[in-house]
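Hello,

Here is the structure I promised to pass on to you. Have a look at it first, and then read my notes below.

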Amino acid sequence: MPIHVALVAPVFLANTLRYARAIAALDDVRLALISTQDREALTAVDPELSARVDAVVPVRDPTQAAHLVDATRALQTHWGRVDRLLGVLEQLQVPLGAARTACGVPGMSLDVARNFRDKSRMKDVLRAAGLPVARHRAVTSLADARSFAEQVGYPLVLKPMEGVGAKATWRVNDDSELERVVAALRPSVLHPVQAEEFVVATERTFEAALVDGQATWWSGTRYHPTPLRVLETPWEQYTVLLPREADSPWTDFAPIGIAAVQALGLQTGLCHMEWFERADGSFVIGEVGARPPGVHIMPMMSAVHDTDMVADWVRLVVQGRFDPKPRVKAAGAVFFRAQGRGDRIVAVSGLDEAQAKVGALVIDRSLPEIGARPTGHYEGDGWALLAADTTVEVVQALGLLVRTVRVHLG
Ligand SMILES: Nc1ncnc2c1ncn2[C@@H]1O[C@H](COP(=O)(O)OP(=O)(O)O)[C@@H](O)[C@H]1O
Ligand SMILES: [Mg+2]
């Protein structure tokens with residue numbers, strides 16, 4: 001009997017379609033897309049995929065649980081049953097959980113999805129499981145924020161409860177900054193803001209595949225500098241390193257990371273976790289997502305394991321299988337950020353030198369567009385992905401690219 005898979009593809013963007021193609025390529029699967037776009041639009045971007053998609057189900061706003069429930073019910077009527085309801089975007093995880101729970105579709109429930117999405121609830125669950133997290137409070141007013149500041153001291157971090165991409169994330173150094181940031185984020189009883197002690201540390205990630213609650217594989221990266229530091233510092237360019245060796249501190253952290261996803265309730269899937277290693281060697285879990293990672297970690301993991309992680313993830317969540325592969329390379333990503341004065345990108349310098357020195361290691365890239373407005377994001381305005389036989393080669397190449405390539409505003 002075929003497995004009936006519905007993938008929420010809000011719009012037919014390249015990244016989402018990659019997942020759709022991987023599902024369509026599985027044996028014995030019937031695929032539907034739930035989308036704001038229609039069949040015609042799908043056929044226009046990818047006629048081959050369109051031929052393999054059984055239904056395109058309309059949805060007005062896929063971030064609304066009720067809309068996803070309607071779309072899922074329509075598919076249950078059409079197919080008789082829905083076996084998997086999937087989506088890769090962070091913002092879809094809670095509405096997906098709600099729709100699975102409401103419609104009786106197997107997979108991550110609403111309660112588990114909320115553990116991964118609500119930053120305060122996540123930390124409560126992790127702390128209750130005896131796992132290390134920053135001291136935190138869901139603050140509802142300025143007075144509440146002040147009392148938390150008195151308790152843990154400055155600096156603090158304030159951020160939206162359901163943030164993504166470090167948007168509206170602030171480091172707060174003193175009382176007057178606290179007043180300013182609270183005025184901007186406007187916490188209330190209905191919409192609390194996440195306050196945390198500021199963890200001074202190296203930031204790393206941990207990705208693991210779980211089958212029926214058991215980890216079968218993991219990998220990890222190091223961010224440098226931290227995303228928040230990049231956003232605070234106009235000249236910093238962000239890098240991500242995936243070392244070849246399954247080395248300390250990741251090997252030391254792995255049992256904690258696995259215990260964390262288990263405590264949050266992930267059964268079968270891939271997690272993406274951000275964690276901190278303090279100078280004294282202690283660990284703090286930052287946040288945990290139950291979805292494939294962003295910041296190009298998927299293609300980096302593909303390169304170092306000589307595999308296609310998108311296909312691997314799809315097999316994991318559709319068929320409950322994951323075949324761990326050895327790590328045979330190291331990989332890195334560098335994100336080029338527009339700098340200087342002005343509101344348009346006017347030039348990119350250093351590319352020829354970079355190409356001559358490390359071009360052989362580049363596996364993919366996207367160069368900044370002249371005339372474009374800067375994104376302001378830590379992922380910057382262009383990027384390059386690298387892979388090499390040794391971690392040292394990748395570290396050196398990332399350093400060279402960060403020093404050599406400049407995106408100029410004017
Ligand atoms: N308690 C903290 N201490 C230090 N840095 C933090 C803390 N919380 C967040 N950050 C920084 O802010 C970034 C964004 O915060 P995060 O909780 O990951 O939210 P998002 O969902 O927006 O990615 C992190 O990657 C980290 O650099
Ligand atoms: Mg984050």
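**Where domain 1 meets domain 3**

Domain 1 and domain 3 bury about 1100 Å² between them, with 72% of that area on carbon and sulfur atoms. In case you wonder about the choice of number, the size of an interface is often given as the accessible area lost when the parts come together. Please keep in mind that this is a predicted model.

To place these parts along the chain: the protein is divided into domain 1 (3-107), domain 2 (135-197) and domain 3 (201-409). Domain 1 gives 16 residues to its contact with domain 3, and domain 3 gives 13 residues. The C-alpha centres of domain 1 and domain 3 are 27 Å apart.

What holds a charge pair across this contact? One salt bridge is counted between domain 1 and domain 3. In the model, a salt bridge links the side chains of Glu-90 and Arg-291, at 2.4 Å from N to O. Three residue pairs are in polar contact between domain 1 and domain 3. On the side of domain 1 that touches domain 3, β1 (3-8), α1 (14-24) and β4 (84-86) each give two or more residues. The largest share there, four residues, comes from α1. By type, that side of domain 1 has 10 nonpolar, two polar and four charged residues.

**Around ligand 1**

Next, do look at ligand 1. There are 19 residues around ligand 1, and those that come nearest are Lys-119, Lys-159, Ala-166, Glu-203 and Glu-287. A polar side-chain atom of Glu-287 is 2.8 Å from an oxygen atom of the ligand. Glu-274 also has a side-chain N or O atom 2.9 Å from an oxygen atom of ligand 1. With Glu-197 it is the backbone that takes part: one of its N or O atoms lies 2.9 Å from a nitrogen atom of ligand 1.

**Some backbone details**

Most residues other than glycine have a negative phi, and most peptide bonds are trans. A few places here are worth a look with that in mind.

His-224 and Pro-225 are joined by a cis peptide bond, with omega about -10°. Pro-225 sits in the loop between β10 (214-224) and α10 (227-232). Another cis peptide bond joins Ser-248 and Pro-249, with omega about 5°, and Pro-249 is in the loop between β11 (238-242) and α11 (250-264).

Asp-28 is not a glycine, yet has a positive phi of about 60°. You will find Asp-28 in the loop between α1 and β2 (29-35).

Best wishes

Note on methods. Residues are numbered from 1 along each chain as its sequence is written. Chains are lettered from A and ligands numbered from 1 in the order in which they are written. This is a predicted model: local features need pLDDT of at least 70, side-chain atom pairs count only at pLDDT 80 or more; totals for chains, interfaces and linings use all residues. Side-chain values use heavy atoms; hydrogens and water are left out. Domain bounds come from an automatic or database domain assignment. Contact means heavy atoms within 4.5 Å. Buried area is the accessible area (1.4 Å probe) that two parts lose on being put together, summed over both. A salt bridge is a side-chain nitrogen of Lys or Arg within 4 Å of a carboxyl oxygen of Asp or Glu. A polar contact is a pair of N or O atoms within 3.5 Å; within protein, one must be able to donate a hydrogen and the other to accept it, and residues adjacent in sequence count only if both atoms are side-chain atoms. Ala, Val, Leu, Ile, Met, Phe, Trp, Tyr, Cys and Pro count as nonpolar, Asp, Glu, Lys and Arg as charged, and the others, Gly among them, as polar. A residue is near a molecule or strand if one of its heavy atoms lies within 4 Å of it.
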